[in-house]
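Open the model in your viewer and keep the selection panel at hand. Each stop below says what to select and what is there.

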Amino acid sequence: MKVAVFSTKAYDRKFLSAANSPTQHELVFFEPRLNRDTAILAAGFPAVCVFVHDQVDAPTLELLASRGTRLVVLRCAGFNNVDLQAAADLGITVVRVPAYSPYGVAEHAVGLILSLNRKIHRAYNRVREGNFSIDGLLGFNLHERTVGIIGTGKIGLILGQIMKGFGCELLAYDVYRNPELQALGGKYVELPELFANSDIISLHCPLTLETHHLINAEAIEQIKSGVMLINTSRGALIDTQAVIEGLKSGKIGYLGVDVYEQESELFFEDLSGEIIQDDIFQRLTTFPNVLITGHQAFFTAEALHNIAETTFANIADVEKGHPCTNEIRAQFSA
């Protein structure tokens with residue numbers, strides 16, 4: 001199959017090309033993101049392969065469909081950037097990679113926790129400047145601290161396993177209870193109880209209408225003062241402006257995020273020579289107790305290999321007319 005691959009970096013080309021060797025699909029790589037302006041590049045391609053920040057809205061899908069595209073292949077788990085109803089109306093099939101490296105994401109969340117707690121990022125910069133003072137680098141023992149995990153699927157479960165290894169107590173919230181987490185000693189509670197009793201809160205839930213701005217001003221009022229808040233899931237789970245107010249008041253003691261609700265204009269690009277216009281994001285970067293990474297939690301060799309393998313397995317299923325377990329339709333929540 002001829003596939004137009006958008007939003008590609010060198011690492012995408014490397015892993016996708018390697019995984020494509022046995023199947024020999026015709027891959028054409030495009031560095032720009034897919035949107036209404038770039039959809040013309042996919043003219044004559046039966047399939048397009050896209051990533052988290054490609055714009056797959058109704059107008060873009062209409063342009064794709066008018067030029068012969070019948071398959072949208074997401075090389076990621078989230079799909080809130082895709083108008084699934086429009087795709088269905090146009091006869092376009094949409095598939096995704098629902099899980100690729102739960103260990104990578106969970107381990108990155110732990111990295112944020114450790115770095116924020118022991119001020120590793122600040123200590124690194126001090127030592128490079130010849131400053132060996134440890135004033136201001138005081139941390140706390142993770143042992144016997146309470147970690148609240150919101151979303152206990154594969155990633156949330158693995159985070160629970162790791163934090164249990166540190167000797168932490170586990171609180172959890174999810175609409176579906178995971179017996180494996182309960183077997184670890186994790187206790188399922190309602191959100192107000194989790195907010196009030198957790199020293200660390202880590203978000204691992206999908207973005208839905210119900211979870212949009214899950215951490216908002218009302219939630220921040222309920223949290224334990226000085227809490228560490230970690231988000232490696234979806235940026236819009238957090239109301240960034242409310243979190244800034246929580247940081248200013250001291251209610252939020254630490255913030256570690258790998259995602260940001262307006263990240264599509266920032267992440268995956270080198271903007272070091274430009275003036276960033278997002279004032280809210282820039283305000284976040286001024287806090288000494290905030291650590292931001294640019295949507296890299298998934299970024300392991302194992303994840304990129306799994307993404308590529310599943311991507312081509314999805315294409316093969318659709319191409320051969322087989323049912324694809326990774327097809328997504330309008331009733332899904334991203």
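The tour goes from the whole chain to strands, then to single residues.

**Whole chain**

Start with everything shown. This is a predicted model. Colour by secondary structure: the chain has 12 helices and 12 strands.

Now look at the overall dimensions. The C-alpha atoms fill a box of roughly 60 × 50 × 35 Å along the principal axes. Is the chain as compact as a globule or more extended? Its radius of gyration is 21 Å, which agrees with the value near 20 Å for a compact globule of 334 residues.

Switch on the surface. The accessible surface comes to about 15,800 Å², and carbon and sulfur atoms hold 51% of that. Of the 334 residues, 51% are buried. Contacts reach far along the sequence: among those with a separation of 6 or more, 67% join residues 24 or more positions apart.

Colour by charge next. The chain carries 27 positive and 38 negative charges, and their mean positions lie 4 Å apart.

**Strands S3 and S4**

Select residues 47-50 and 71-74. These are strand S3 and strand S4, paired in the parallel sense over 4 bridges. Zoom in on Val 48: across from this residue, in S4, stands Val 72.

Stay on S4 and show its side chains. In a regular strand, side chains alternate between the two faces of the sheet. Which residues of S4 lie on which side? Leu 71 and Val 73 are on one side, Val 72 and Leu 74 on the other. All four are buried, so both faces of S4 are covered.

**The seven-stranded sheet**

Move to the open sheet of 7 strands. Trace the order S8-S7-S6-S9-S10-S11-S12; the pairing is parallel. Which strands are at the edges? They are S8 (187-188) and S12 (290-292), each paired on one side only.

Follow the sheet to its S12 edge. Select residues 252-257, which form S11. S11 and S12 run parallel and share 3 bridges. Pick Leu 255, and you will find Val 290 of S12 opposite.

**Thr 146**

Go back into the sheet and select residues 146-150, strand S6. Centre on Thr 146, which belongs to this strand. Is Thr 146 buried or exposed? Its relative accessibility is 15%, so Thr 146 counts as buried; the cut-off is under 20%.

Now display its contacts. Beyond residues up to four places away in sequence, Thr 146 touches Glu 169, Leu 171, Asn 197, Ser 198, Asp 199 and Ile 200.

**Gln 161**

Select helix H6, residues 154-165, and find Gln 161 in it. At 34% relative accessible area, Gln 161 is partly exposed. Draw a C-alpha to C-alpha distance from Gln 161 to Leu 181. The two are 20 residues apart in sequence and 7.9 Å apart in space.

**Leu 271**

Last stop: the loop between S11 and helix H11 (279-284), where Leu 271 sits. With 21% relative accessibility, Leu 271 counts as partly exposed, because buried means under 20%.

What does Leu 271 contact, leaving aside neighbours within four places in sequence? The partners are Glu 265 and Leu 266. Finish with one more C-alpha to C-alpha distance, from Leu 271 to Pro 288. They are 17 residues apart in sequence and 21 Å apart in space.

Note on methods: Residues are numbered from 1 along each chain as its sequence is written. This is a predicted model: local features need pLDDT of at least 70, side-chain atom pairs count only at pLDDT 80 or more; totals for chains, interfaces and linings use all residues. Side-chain values use heavy atoms; hydrogens and water are left out. Helices (H or I, at least four residues) and strands (E, at least two) are DSSP runs, numbered from the N terminus. The radius of gyration is taken over C-alpha atoms; the globule rule is 2.2 Å times the number of residues to the power 0.38. Buried means under 20% relative accessible area, exposed over 50%, partly exposed in between (1.4 Å probe, protein chains only). Contact means heavy atoms within 4.5 Å. Accessible areas come from the Shrake-Rupley method with a 1.4 Å probe; for residues, only the protein chains shown count as cover. Lys and Arg count as positive and Asp and Glu as negative; His and the chain ends are not counted. The place of a charge is taken as NZ of Lys, CZ of Arg, CG of Asp or CD of Glu. Two strands pair if DSSP finds at least two bridges between them.
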